[in-house]
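Student: I would like to learn how to read a model like this one, going from a single side chain outwards to the whole assembly. Could we take it one feature at a time?

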Amino acid sequence: MNLLRNPVAQKRWQRFKQSRRGYISAWLLLVLTTLSFGAELLANHRPLLVSYQGELYFPTFGAQHSGKDFGLDIDYEPNYRELQAQFRDADEGNWVLMPPIPYGPLENDLIAGDFPPHAPSLTTRHYLGTDTSGRDVLARLIYGFRTAMLFSLVLLVFNYAIGVAIGCMMGYLGGAFDLFFQRIIEIWSNVPFLYVIMIVASIITPGFWTLLFIMAFFGWTAMTWYMRTATYKEASRDYVMAARALGASGSRIVFRHILPNSVSTLITFVPFSVASGITALTALDYLGFGLPAPTPSWGELLKQGTENMESLWLVGSVVVAMTLILMLVAYVGEAIRDAYDPRKFSFYE
Amino acid sequence: MLGYFVRRGLLIIPTFIGITLLVFSITRVVPGGPIERMMTQAQLGGEAGSLHRSEGGGTLSDEQLEELKRYYGFDKPLLSSYAIWLKQVLRFDLGLSTRYQDPVWDIIKERFPVSVFYGVTTLVLTYLVCIPLGLLKGMFHGSRFDNLSSAVVFLGYALPSYVIGIALISVFAGYYDWFPLGGFVSDNFEELSPLAKAKDVFHHAALPLIAYLAGSFAVTTLMMKNALMDNLSADYMRTAAAKGLSLGKSVRRHALRNSLIPVATSFGNNISLLIGGSFLIETIFNIDGIGLLGYEAIIERDYPIVMGILVISSLLYLIGNILSDICVAIVDPRIRFGGGSR
């Protein structure tokens, strides 16, 4: 595509690759996100593979198997962790291959004689312990990361789409349209946005998409403002005048000339939008105004952690996970900004 | 110049009306307001009292409902009740809290000192730490000191302050028990000597203050550093070096004031933090300030308080924006607002 093939973009890409920290962080982030989208294969109470009497079963995907399929006398789904132990004891050539974390994010694993939260332990294979209702913390962290990442990425697409559309129109059309939206944005950006979301979320219990729409409803202004300025700047340049002199229509000027020149800079904002999306969702979940109850989320784990401070692994694992992800995002953001605006400083002494 | 600020001041009015109208209609349109809350309370009370078989059931009669609606002003259409509310606000009357039945203004006023204490301390500490640190980092860019402090700054930059607050309180108050678990002062505060009182306040304030600082610390430091670095490579600094000024002297005499401009722009925005506080940090540390009040009011659907806090915080924010511009004009006499092109 033309947008990526021009020498300026390639030079930026080279500069981005040169800042090792940002480049490695970008790869790590990509790998972690991709892994989290395959979370069912990493943390699940269903095994990846069951071999029973020479036949292979894949319980993670496809139909649910009842205990009868595996020679148990139950109609419901067997506990595969127990099945694994049974098969191992019986030693008849049957086996169960569990995921690395053999617990699902919504599964309550109650250990007899002990109240949850359970401390991290290798023998129970709760590597980061369990939360207050016996759900595996590591599994919930992974699924929660997926939710948060998905949420902030979709939110980003929404905000940027609205921002680019309205901002570009404001900058190109100008006049009354511009003035009207200027006032709207001024009001919108002065509304204490987390506060209003809390008011709305306290009344309707929002699901994933509702929460997303509410956040996008208040979050589109920053990008709009930026796009307006960028469009104004581009529209007054000579090449736009040349295009107009050649008889190009308004839509052609916007889509073929102004947008390709202004949109590319938007990428410098992407890491910050992702980070703010994750932190905002976590804050809302922490306050109890976020996604509904059983959804695995970092904010909900944080809340449990602050209510059970003697179980330090709850807060600890979330804080470490957040630090890791947000630092990676910030490194990527720094590298992208350097790639776009390489500052060469000089000193005089 | 004066005309510009007057115009900016006048523009506060439509923006203020826009913000409050937006939130006002949200509290109006959505279900689950104070009346519904009272009705459920009456029903619950009715069930509890049903042993006595008195007063004929727990639900409110239509008349009572009408009376309640009139009492809270829910009986009129949206715009006219907003007009009534606005007129009251202009007379500095924020109405009665639906939860406490006290004037909203009194309730908010009670919480002011706590939030102002945190706000002012944070503001002073931020500038006291960040400006020198940013200057040093800029002057010795690339040194070991710069790299080491960058690691800390970056951590504060990447992590939101509430996460830092949660981490601090669970390690140092929950696990190690070095600091109290929250609150503003101890229960026996009244009995303490003045010195012990001050110690008590700061003992409670240490962790929240770090969390507050973490929020603004990184941004201000980096802003200061980048601004200084920009100025260090400017021509006038070359001239200063050429005529034989040392680096320290040329920074102090020439670059410092120019580098303070971006920091000054952010000053006004801190005004709203000064009094409004952060409800996240106040909730975490259970500090009885404006932020926690707003959070509780939202949960309890105490809309007069919600609107009252919104009025104060949005006014502060709007005034803060203008203050920022005035600060910039003071620091940088070259800037002329309002004239010609932007």
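Student: Which residues does F181(A) touch, not counting residues up to four places away in sequence?

Tutor: This is a predicted model, and in it F181(A) touches I166(A) and M170(A) once residues up to four places away in sequence are left out. F181(A) itself lies in helix α6 of chain A, which covers residues 175-190.

Student: Is F181(A) buried or exposed?

Tutor: The general idea is to count neighbours, and a residue is called buried if 20 or more other C-beta atoms lie within 10 Å of its own. F181(A) is buried because 20 other C-beta atoms lie within 10 Å.

Student: How far apart are F181(A) and T224(A), in sequence and in space?

Tutor: F181(A) and T224(A) are 43 residues apart in sequence, while their C-alpha atoms are 9.5 Å apart in space.

Student: Why can helix α13 of chain A be described as largely enclosed by the rest of the structure?

Tutor: The same kind of reading can be applied to a whole helix. Helix α13 of chain A (residues 298-307) is largely enclosed by the rest of the structure because nine of its 10 residues are buried; among them are W298(A), L301(A) and L302(A), and also the charged residues E300(A) and K303(A). The buried residues of α13(A) pack against α5, α12 and α14 of chain A, together with α7 and α12 of chain B.

Student: What does the overall form of chain A look like in numbers?

Tutor: The C-alpha trace of chain A spans about 85 × 55 × 45 Å along its principal axes. Chain A has a radius of gyration of 26 Å, whereas a compact globule of 349 residues would have one near 20 Å. The domain assignment of chain A gives domain 1 (2-37 + 139-345) and domain 2 (45-98), and the centres of these two domains, taken over C-alpha atoms, are separated by 44 Å. Chain A contains 14 helices and three strands, and 41% of its 349 residues count as buried.

Student: How many helices and strands does chain B have, and what share of its residues is buried?

Tutor: Chain B has 14 helices and zero strands, and buried residues make up 33% of its 342 residues. Among contacts in chain B between residues at least 6 apart in sequence, 73% join residues at least 24 apart.

Student: How many residues does each chain bring to the contact?

Tutor: The contact takes 43 residues from chain B and 35 residues from chain A. On the side of chain B that touches chain A, α1(B) gives the most, with eight residues. By class, that side of chain B has 30 nonpolar, 12 polar and one charged residues.

Student: Where in chain B is confidence lowest, and where is it highest?

Tutor: It helps to take the average before the details: chain B averages a pLDDT of 78, and 84% of the residues score at least 70. Confidence in chain B is lowest in helix α2 (residues 34-48), at a mean of 61, and highest in α9(B), at 87. Over residues 46-57 of chain B the pLDDT is below 50, and this stretch has five contacts in the model beyond near neighbours in sequence. For the complex, the predictor gives an ipTM of 0.81 and a pTM of 0.84.

Technical notes. Residues numbered from 1 in each chain as written. Chains lettered and ligands numbered in written order. Predicted model: local features only at pLDDT ≥ 70, side-chain atom pairs only at ≥ 80, totals over all residues. Contact = placed C-beta atoms within 7 Å. Helix = DSSP H or I, 4+ residues; strand = E, 2+ residues; numbered from the N terminus. Rg over C-alpha atoms; globule rule 2.2 N^0.38 Å. Buried ≥ 20, exposed ≤ 12 C-beta atoms within 10 Å, placed from the backbone. Domains from an automatic or database assignment. pLDDT = per-residue confidence, 0-100.
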